[in-house]
Amino acid sequence: MKDLIIAGSGPAGLSAAVYASNAMLDFAVIEKFPMSGGQILNTYDINNYLGFESTDGFTLGQTFRNHAEKAGAEFINDEITAIEKIDGGYRVACTMGEYFAKTVIFALGATPRKLGVKGEARLTGRGVSYCATCDGSFFKGRATAVVGGGDVALEDALYLANICSEVYLIHRRDELRGAKYLQDRVFKNEKIKLILSDELDEILGENKVEGLRLKSGKTFTVDGVFIAVGTEAQSGLLDGLVEMKNGFIVADESGITSADGIFVAGDVRTKRLRQVSTAVSDGANAVYSVEEYLNQI
Amino acid sequence: MVKEIKTQDFKTEVIGGSKPALVDFWASWCGPCRMLSPVVDKVSEQYDGVDFYKVNVDEEPDLAMEYGIMSIPCLIMFKDGKIFDQSVGVVPEAALKAFVEKAL
């Protein structure tokens with residue numbers, strides 16, 4: 001039985017891996033894909049992580065991973081299907097294997113939330129997208145829309161404005177929520193047309209996106225719609241094992257959950273600010289708590 | 001092995017190939033594509049009955065257009081010269097194997 005399994009290889013999991021190596025724990029990182037970074041992989045510009053004035057998420061994710069690999073972390077590529085309490089620790093069951101550890105740091109993060117409007121599921125991959133940096137270039141010179149008002153929505157709108165003829169930014173509130181410097185850039189960008197206090201009602205189109213209808217009844221023609229309405233915590237594997245609030249695992253910065261031996265780090269934890277910097281901090285804290293716990297049992 | 005395929009060879013090799021062919025439409029600037037590529041590489045070593053190809057949508061925009069690619073990564077399985085199945089987004093190894101095995 002290992003000392004520790006780290007579930008997830010975003011910034012929180014990789015930071016935990018570096019600290020676990022330094023603590024000389026017997027541990028492994030389980031990740032669904034042999035490529036690390038989590039949500040930042042889709043981010044084309046990151047300017048708020050100390051030491052990197054301007055980088056993209058892919059580069060930062062790879063930089064983090066190289067660091068964790070050099071520190072000696074073992075990576076297992078498998079998808080976790082269940083986590084169960086056993087005598088003296090936990091069994092982590094995966095699609096292709098199973099692993100046992102005294103403790104688990106749960107750092108599976110979050111994934112983009114679906115909007116749940118008519119046409120969304122049917123036209124996903126046919127003009128409906130959750131990744132502007134991936135799919136933006138398929139809409140060169142054409143009209144698109146972004147739904148949402150947070151950082152990601154604003155970044156997406158600015159990115160698309162470089163490529164598309166016009167970008168409608170649709171947000172249900174009467175003001176945007178994202179960082180002030182992003183709002184400023186959005187307001188100054190002539191290609192971005194703000195639609196506030198209105199909501200998407202239906203995505204129109206037979207075989208591909210052709211237009212949108214809003215709750216107010218307004219319709220307009222677009223070829224693509226990018227959905228950026230926040231994220232959903234990936235906490236389902238711990239249902240019934242730990243205390244949760246709105247899908248997030250309840251813990252303070254120590255990462256200590258309501259279940260002995262299960263610790264949490266990153267976006268899946270209840271916290272105020274979800275950023276790369278706070279995820280990295282969580283990873284360090286969680287390992288510190290793991291060490292304390294291992295010394296007690 | 002996953003072979004990089006160009007527009008001019010697509011008809012003879014993929015459409016006219018004797019085996020089912022899986023084509024991974026990707027681009028270098030697409031993070032999720034770069035997550036999926038090593039999974040496709042690994043799975044390609046495990047099946048002799050399927051040919052594996054990848055199309056860089058930047059270099060081969062005509063192919064991306066012809067197959068209506070609007071979201072990547074996108075996997076298309078061709079069988080008997082026709083589209084057999086399609087999958088958009090990143091998929092883990094086990095799901096990719098299931099996708100491949102359906103065409104066998």
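Two residues are in contact if their C-beta atoms, placed from the backbone, lie within 7 Å. The model on display is predicted: local features need pLDDT of at least 70 and side-chain atom pairs count only at pLDDT 80 or more, while totals for chains, interfaces and linings use all residues. Residues are numbered from 1 along each chain as its sequence is written, and chains are lettered from A and ligands numbered from 1 in the order in which they are written.

**Stop 1: Gly13(A) and helix α1**

Select Gly13(A), which is placed in helix α1 (residues 11-22) of chain A. Helices (H or I, at least four residues) and strands (E, at least two) are DSSP runs, numbered from the N terminus. Beyond four places in sequence, the contacts of Gly13(A) are Ile6(A), Gly8(A), Val29(A), Ala107(A) and Gly283(A). Gly13(A) counts as buried because 31 other C-beta atoms lie within 10 Å. The classes are set as follows: 20 or more other C-beta atoms within 10 Å make a residue buried, 12 or fewer make a residue exposed, and values in between make a residue partly exposed, with C-beta atoms placed from the backbone. For a distance check, pick Lys85(A): the C-alpha atoms of Gly13(A) and Lys85(A) are 21 Å apart, with their positions 72 residues apart in sequence.

**Stop 2: Ala16(A) and the nonpolar core**

Move next to Ala16(A). With neighbours within four places in sequence left aside, Ala16(A) is in contact with Ile6(A), Ile105(A), Ala107(A), Ala265(A), Gly283(A), Ala286(A) and Val287(A). Ala16(A) is also among the residues with the most contacts inside the largest nonpolar core, a set that includes Ile6(A), Val104(A), Ile105(A), Phe106(A) and Ala157(A); this core has 120 residues. A nonpolar core is a set of buried Ala, Val, Leu, Ile, Met, Phe, Trp, Tyr and Cys residues joined through C-beta atoms within 7 Å. At least three residues of this core come from each of domain 1 (2-112 + 231-296) and domain 2 (128-227) of chain A.

Colour chain A by these two domains, whose bounds come from an automatic or database domain assignment. Their centres, taken over C-alpha atoms, are separated by 32 Å.

**Stop 3: the parallel sheet**

Display the strands β8, β15, β9, β10 and β11 of chain A. These five strands form an open sheet in the order β8-β15-β9-β10-β11, with parallel pairing. At the edges are β8 (128-129) and β11 (192-196) of chain A, each of which pairs on one side only. Two strands pair if DSSP finds at least two bridges between them. Five bridges join β9 (residues 143-147) to β10 (residues 166-171) in chain A. To see one of the bridge partnerships, select Thr144(A) and its partner in β10(A), Val167(A).

**Stop 4: loops of chain A**

Which residue in the loop between β2 and α2 of chain A should be selected? Thr43(A) is found there, and Thr43(A) is buried, with 24 other C-beta atoms within 10 Å. Thr43(A) touches Asp56(A) and Gly57(A), residues up to four places away in sequence not being counted. The C-alpha atoms of Thr43(A) and Val287(A) are separated by 27 Å, and the two residues are 244 residues apart along the chain.

Two further loop residues merit a backbone check. Most residues other than glycine have a negative phi, and most peptide bonds are trans. Met24(A), in the loop between α1 and β2 (27-31) of chain A, has a positive phi of about 55°. Met24(A) is exposed, with 10 other C-beta atoms within 10 Å. Asn246(A) lies in the loop between β17 (244-245) and β18 (248-249) of chain A, and phi of Asn246(A) is near 50°. Asn246(A) counts as exposed, with 9 C-beta neighbours inside 10 Å.

**Stop 5: the contact between chains A and B**

Show both chains. The contact takes 24 residues from chain A and 18 residues from chain B. On the side of chain A that touches chain B, α3(A) gives the most, with three residues. By class, that side has nine nonpolar, 10 polar and five charged residues; Ala, Val, Leu, Ile, Met, Phe, Trp, Tyr, Cys and Pro count as nonpolar, Asp, Glu, Lys and Arg as charged, and the others, Gly among them, as polar.

**Stop 6: chain B**

Finally, isolate chain B, which has four helices and five strands in the sequence pattern β-α-β-α-β-α-β-β-α. Select Ile72(B) and Pro73(B): the peptide bond from the former to the latter is cis, with omega near 0°. Pro73(B) is placed in the loop between α3 (61-66) and β4 (74-79) of chain B.
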